[in-house]
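Colleague: Before we look, please explain each term as you use it, so that I can follow how a value leads to a name.

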Amino acid sequence: MVAITLPDGSVRSYDGPVTGMDVARSIGAGLAKAALAVRVNGALWDLTRTLDADSEIAIITAKDADGVELLRHDAAHVMAEAVKELYPDTQVTIGPAIENGFYYDFARETPFSTDDLAEIEARMREIVARDEAIIREVWPRDTAIKFFESLGEAYKAEIIRDLPEDQTITLYRQGTFIDLCRGPHLPSTGKLGTAFKLMKVAGAYWRGNSDNAMLHRIYGTAWASQKDLEAHLTMLEEAEKRDHRRIGREMDLFHQQEEAIGSVFWHTKGWTLYRTVTDYMRRRLEAGDYQEVKTPQLVDFSLWEASGHADKFAENMFTIRTQDDRHLAVKPMNCPCHVQIFRQGIKSYRDLPLRMAEFGSCHRYEPSGALHGIMRVRAFTQDDAHIFCTEDQITSETISFCHLLKTVYTDFGFTDVRVKFSDRPAKRAGTDETWDKAEAALMEAAKAAHLEVELNPGEGAFYGPKLEFVLKDAIGRDWQCGTLQVDFVLPERLDAAYVAEDGAKKRPVMLHRAVLGSFERFLGILIENFAGRFPLWLAPVQAVVAPIVSDANDYAVEVAAALKAAGLRVETDLRNEKINAKVREHSVAKVPLLLVVGRREAENRTVALRRLGSDKQEVLALDEAQAKLGHEAVPPDLV
RNA sequence: GCCGGUGUAGCUCAGGGGUAGAGCAACUGAUUCGUAAUCAGUAGGUCCGCGGUUCGAAUCCGCGCACCGGCACCA
């Protein structure tokens, strides 16, 4: 007898061993048809695996997140089968499910072209129609290695060799295709359905290491239903429409050109946005008792050697040999310079915590392939600060930083924030004892700040562990912006010290922190998050006054002056165009407020206000509009 | 940096060994109009750059550059 407990708590008994499929069938034909896999005591299993002990199980269908993930994983296998049928000389490597879809990496001489995708996808649909049973097989390790080698599948053989000795080796067979896989899988290829699409080809290094061979990756997307697939494709189109490079051009915010690769030419409207953000941050920093500084662009290379940055990042620094044979670097970051300011004069424990902020203009020679609009550039400005403090102050400083961060993100409209904890990387400065101390201190501070952190092993900075703050935008994409890093190493290397209560010389701890990251990138994120439709306080042009007839021009100019006096960024549109055209153009230009004035308004000293995104009008007295809109346009920290 | 793709007017794009094309935008003129495109006309090009093939190259070939999508990188 086997007793099976279902998620609702009910228990079913079966004579002898049963499979997940047997249980699903005994519950109902509909469920049996929809079943993709089964969760057994918390682990996902194939439906065909035998349950020979009492278990708690749940039948997984495409309605479960796990079910969709299995679907995507199967899509990868079906794609591999299709590729092997069409191009038998191709080796298969790995092919996991990922967010929204799947990919598979193939090794072959000739890369796939986008034109091949249609053919591969058509073959995948045939394989789904064949409804091949997917069968799990357990193989002895050595036999499996020999088998894959005999097929010429060197990568698969290598994967098995690297698996732990005690790992069960499972292969999955569908039709004539057989693949090494941990599983589980759907019962047959037909269960995959038709809601998938191959998206793009790309290069990818074997095992993610750039020293290894480049494989050819095909990305696809797969969903539980055609409707979900279409919704996803629509979302991608929407994402493309909010591309910051496109909106930057359309709204005349900035441009980039060949003569200054990886740099931004900010146009007046973009720079207005930029200044609005920096002005806001400056006020927040002042309120948080930071002191602002400015440090040199060109710094002798020896300082970067002393800090340890040269060891790791020399190739990514712009350097200069001067006429008098000095070796300078354009600063790639601000921390060593801040330590130089800290070192001026004698610092006492009474000076701590000392919060030193800089809108630090930095240059890094980023690899050409990394550049991306204004999001990843070679010239950028960080909202950087270093907090020099004692070990005892790490917790309280972390708490107040988290407060600042939350306030700022909320003001910019981001409320969904995740936190990652990145600990020691393989290549690092400082002793293990120092790292133990730094990691423990940061973790404790994170707990005290009531943060729920996800572990991100091995991803810390070379000088210390870090918290990374990831925010979610309006269409669900993640952006890593804020960071807080604990550093016991740099103060030592650059000889920063303060005099403690007992008169002894001590090392401060440095907390490296940024809220936005870089202004360039953050503005890119803002542009994409709002799709250019900025909240009033951020909009480069907040209001346009548009007369209907030229008789109202003088009054329009007067209205604009009144709004300007109330602190708004306002333009007039006196062109000899119909009001329809003006409404359309300023709506397309994403101007939040449109004030239309005709003869009626000029006579009554009113304005007809139309807000972006609405086709309704509100007629207000000019005085009233001035007060009301002036109030609405105030940045959130000044309300 | 690596793999693949793209590069034609300000923008979106068509064309393709024989005088460079459209729509929108721009400019000029007319129109004074009540909430998402008024009409007419004019002008606009190193077809990414450099070399090669050819009587002739924007088109074919080679090299380079930039950008786009990934990978790797991200102090």
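Modeller: Let us begin with the polar contact, which is a pair of N or O atoms within 3.5 Å; within protein, one atom must be able to donate a hydrogen and the other to accept it, and residues adjacent in sequence count only if both atoms are side-chain atoms. This is a predicted model, in which local features need pLDDT of at least 70 and side-chain atom pairs count only at pLDDT 80 or more, while totals for chains, interfaces and linings use all residues. Residues are numbered from 1 along each chain as its sequence is written, chains are lettered from A and ligands numbered from 1 in the order in which they are written, and side-chain values use heavy atoms, with hydrogens and water left out.

Colleague: What makes the pair between the side chain of Tyr-463 and RNA strand B a polar contact?

Modeller: An N or O atom in the side chain of Tyr-463 lies 3.3 Å from a sugar or linking oxygen of RNA strand B, and the pair is called a polar contact because that distance is within 3.5 Å. A backbone N or O atom of Gly-203 also faces a sugar or linking oxygen of RNA strand B, at 3.0 Å, whereas the side chain of Ser-550 places an N or O atom 3.0 Å from a base nitrogen of RNA strand B.

Colleague: Which residues around RNA strand B come nearest, and what makes a residue count as near?

Modeller: A residue is near a strand if one of its heavy atoms lies within 4 Å of it. There are 56 residues around RNA strand B, of which Met-333, Ser-368, Asn-576, Glu-601 and Arg-610 come nearest. Of the RNA atoms that come within 4 Å of the protein, 51% belong to sugar and phosphate.

Colleague: Which helix gives the largest share of that surface?

Modeller: Helix 18 does, with seven residues; helices (H or I, at least four residues) and strands (E, at least two) are DSSP runs, numbered from the N terminus. By class, the surface near RNA strand B has 23 nonpolar, 17 polar and 16 charged residues, where Ala, Val, Leu, Ile, Met, Phe, Trp, Tyr, Cys and Pro count as nonpolar, Asp, Glu, Lys and Arg as charged, and the others, Gly among them, as polar.

Colleague: Why are helix 3 and helix 4 called roughly perpendicular?

Modeller: Axes are lines fitted to C-alpha atoms, for helices over the stretch in contact, and angles run from 0 to 180 degrees between N-to-C directions. Angles under 35 degrees count as roughly parallel, over 145 as roughly antiparallel, 65 to 115 as roughly perpendicular and the rest as oblique. The axes of helix 3 (residues 65–86) and helix 4 (residues 114–130) cross at roughly 110 degrees and come within 8 Å, so the two helices are roughly perpendicular to each other.

Colleague: Which residues meet where helix 3 and helix 4 touch?

Modeller: Contact means heavy atoms within 4.5 Å. Those of helix 3 include Ala-75, Val-78 and Met-79, and those of helix 4 include Ile-120 and Met-124. The residues of this contact divide into nine nonpolar, no polar and five charged.

Colleague: Why, then, are helix 13 and helix 14 called oblique?

Modeller: Helix 13 (residues 394–411) and helix 14 (residues 432–448) pack at about 50 degrees, with axes 8 Å apart, and this angle falls in none of the named ranges, so the pair is oblique. In helix 13, Ile-394, Thr-395, Thr-398 and Ile-399 meet residues of helix 14, among them Ala-441 and Glu-444. This contact has six nonpolar, two polar and one charged residues.

Colleague: Where do Pro-184 and Pro-353 lie?

Modeller: Pro-184 is in the loop between strand 13 (177–180) and strand 14, and the peptide bond from Gly-183 to Pro-184 is cis, with omega near -5 degrees. Pro-353 is in the loop between helix 12 (335–342) and strand 22 (354–363), and a cis peptide bond with omega of about -5 degrees joins Leu-352 to Pro-353.
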